[in-house]
Structures are given as C-alpha cells and as structure tokens.
Amino acid sequence: MLRSSQPLTGPNRKRCREDEMLLGTVLDEGERGFIIDTRSAQAAKQARMTGGGTEPKSSYPQWRRLHRPLERGRPLQESFIKLVEACNDTSINMDRWLSRLESCRWLSHVKAALSTACLAAQCMDREEASVLVHGAEGTDTTLLVTALAQVILDPSCRTLVGFQGLLEREWIQAGHPFHLRCARSAYSHARLKQEAPLFLLFLDCVWQLSRQFPFSLEFGERLLLTLFDNAYASAYGTFLCNNEKERRVGREVGTPQCHVKESTHSLWAWLNQPGERKKYLNPLYSPNALVIWPSVEPQSIQLWQGLFFRWIRSSQYLDEAWAEIQRLVQGN
C-alpha cells in the first residue's frame, strides 16, 4: 500500500517521468495496481486548473483509477457540530431526534470511510494488487483510508502497541495537521476554515470495528476516548503542531524552535506504563490472524454513544459491567 498527495499535472497535463518510473517499478510485468482517489472525478478535474490533478491513463497503463469521494473540510466539521448539538438537546422527541441524526450525516461519513477502506483492503487481499491512495494533499482522507485498511488487514495493528505505531506512522509522521484540524471543539462558536474532525472520524470507524469484532482488538473504547481527548487538549506533546518539521523547527522562520520531543512528554510513554496500560486493554481479546471485514449496512453502523452521549448520560452501569468482565477474565 502506498500513499501520496495528488500529482501536479496542471491544466497543461504535465508529466513527471520520475513518478511514472516509481509507480512502474512497484508492479511486475502483467501486474496491475489500483489508484484510489478520495476525491470525486469532478473535483480531481477541477484541481487541474490550480496545478493539481490525477494520473492520466496513458502515462500509468498498469494502474486503474477509482474515485471514492470522502468529505474532508467544512462539510465534515458542520456535520460534527450538528451531531453534538442534537445529542445535547434532551427536549426533542424520538422522531425529531432521528430526523436530526439523519440530517447531520455523520453516520454517512462513517460508512463512506469504512467502505473506501474495505475497497483498498479488498484490492490488496483478494486481488493481490498494489494500491496507491491519495486525495489532494495526502494528509487527511488519504491517511484515514490507509490507516483503516491496515486495521482491517493486519492483526498487529489491532494490538495496543501496534495501534500506537499505526497512529505514529500514518497520522503523526505523515503530517496530519492536528494544530489546524483540532483547533476548536464542536462546542466553539468559532468556525475556523481549516478545522475538520478527520481524526475523530477515524476513531469512530475503529470503534465500529471493535463493536462488530469484540474479540479482535486488544484495546477497548477507553483508549479511543483518551486519544480523542488528547487530540483536542492534552498535557502531552504527541499531537502538537501540523507536521514533523514544525515539531522540530517551528511554524515560521524566525520563531523559537519547538523541539516537541525534547520539551514535552509522550502520550505513548504514559499509556504504556504497566499501571496505565491495563486500563485500556480489552479483557475479551483473543488474537485473530484473519482479515476482519466490517459490515457497512445501515443497521450495522451505530452512533458512538460512549463519546457523543458521555456528558449527558451516566456510564456507571457500563463501567461496572466492564469491571466485572475484567475481574472474571483475570480470575480464570
């Protein structure tokens, strides 16, 4: 699996021999690969006018391009805000609540993300083909798809340590702009242009996987909630800045150097302490070497109540039940 930003073909349909050679070396003679573009065909075409674009078939004859559009900017943020507002409104009846849930379209975004990740995984597992995933910059929906596909395909990514490594590799080192995307919460009246809950959408999709495959992930919901909290407000430096360069140097020339790794503590180091680690483990975990194929049918995608209702509904009884499960498992 490969990921990248969009090719800069531009309105004059420029070619890049180095890119063509690079992708050509990935495939042997007679093999084919798939390019999954997380933009619509129309959006990719419009991007050519500003210098971007997509791979022309004539220059990449062994690659088949598939468009699977995913929301990544203001529409996704507005969907998140509408969902939070609906979840906090306890005065409406059931019909009105279901109508608002549908109109915010959050679960549609979850379904689209899981469907695209499954497509990438199927190309690799069933077609035994190489896959290149990109959107525009390659730092948002691209990372969403590649990270989810690895959780689906690779059992090592479903362990506590492996999942941390996946986040470090696919989100932090690959340059997801956490500083811009997670600048405010859904409760803020500010509507910042660059804000979008892509990382939250990823965590929600992982929660859907954990619910459909309760024995296959070594970690539980508590880890996902902790990651969400730390992406927006954290005592650790793991999610600071927008990319690795900023974490070392700073956002602008002349500003003090950040040195995030030297100046802050790592969230991973905290989570992996023996006393903390056990809080995040799934007591029902049983290593599963198989690929996990989630259902994306409407009845299979559920609202993540543990997150979206956490401030208005007590989790006391669920916490007590979870503690009893842990006690019984440890007793055996």
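Me: What makes the four-strand arrangement E1-E4-E2-E3 an open sheet, and which strands are its edges?
Reply: The sheet has 4 strands with parallel pairing. Strands pair if DSSP finds at least two bridges between them. Strand E1 (2-4) and strand E3 (63-67) each pair on one side only, which makes them the edge strands. Neighbouring strands are turned by 20 degrees against each other on average, direction ignored. This is a predicted model: local features need pLDDT of at least 70, side-chain atom pairs count only at pLDDT 80 or more, and totals for chains, interfaces and linings use all residues. Residues are numbered from 1 along each chain as its sequence is written, and side-chain values use heavy atoms, without hydrogens and water.

Me: How do you know that E1 and E4 count as paired?
Reply: E1 and strand E4 (residues 130-134) run parallel and are joined by 3 bridges. The requirement is at least two, so they pair. Ser-4 stands opposite His-134 in E4.

Me: What makes E2 a partner of E4?
Reply: E2 and E4 share 5 bridges in the parallel sense. Gly-33 has Ser-130 of E4 as its bridge partner.

Me: Why is E4 called mostly covered?
Reply: Buried means under 20% relative accessible area (exposed is over 50%, partly exposed in between; 1.4 Å probe, protein chains only). In E4, 4 of its 5 residues are buried, so the strand is mostly covered.

Me: Which helix lies across E2, E3 and E4?
Reply: Helix H5 (residues 106-125) does, running at about 170 degrees to E2 (33-37). Angles run from 0 to 180 degrees between N-to-C directions, with axes fitted to C-alpha atoms, for helices over the stretch in contact (heavy atoms within 4.5 Å).

Me: Why are helices H6 and H7 called roughly antiparallel?
Reply: The axes of H6 (residues 141-153) and H7 (residues 160-172) cross at roughly 155 degrees and come within 10 Å. Over 145 degrees counts as roughly antiparallel (under 35 is roughly parallel, 65 to 115 roughly perpendicular, the rest oblique). H6 and H7 therefore qualify.

Me: Which kinds of residue make the contact of H6 with H7?
Reply: The residues divide into 7 nonpolar, 2 polar and 2 charged. Among them are Leu-143 and Gln-150 of H6, and Arg-169 and Trp-171 of H7.

Terms used: Nonpolar A, V, L, I, M, F, W, Y, C, P; charged D, E, K, R; others polar.
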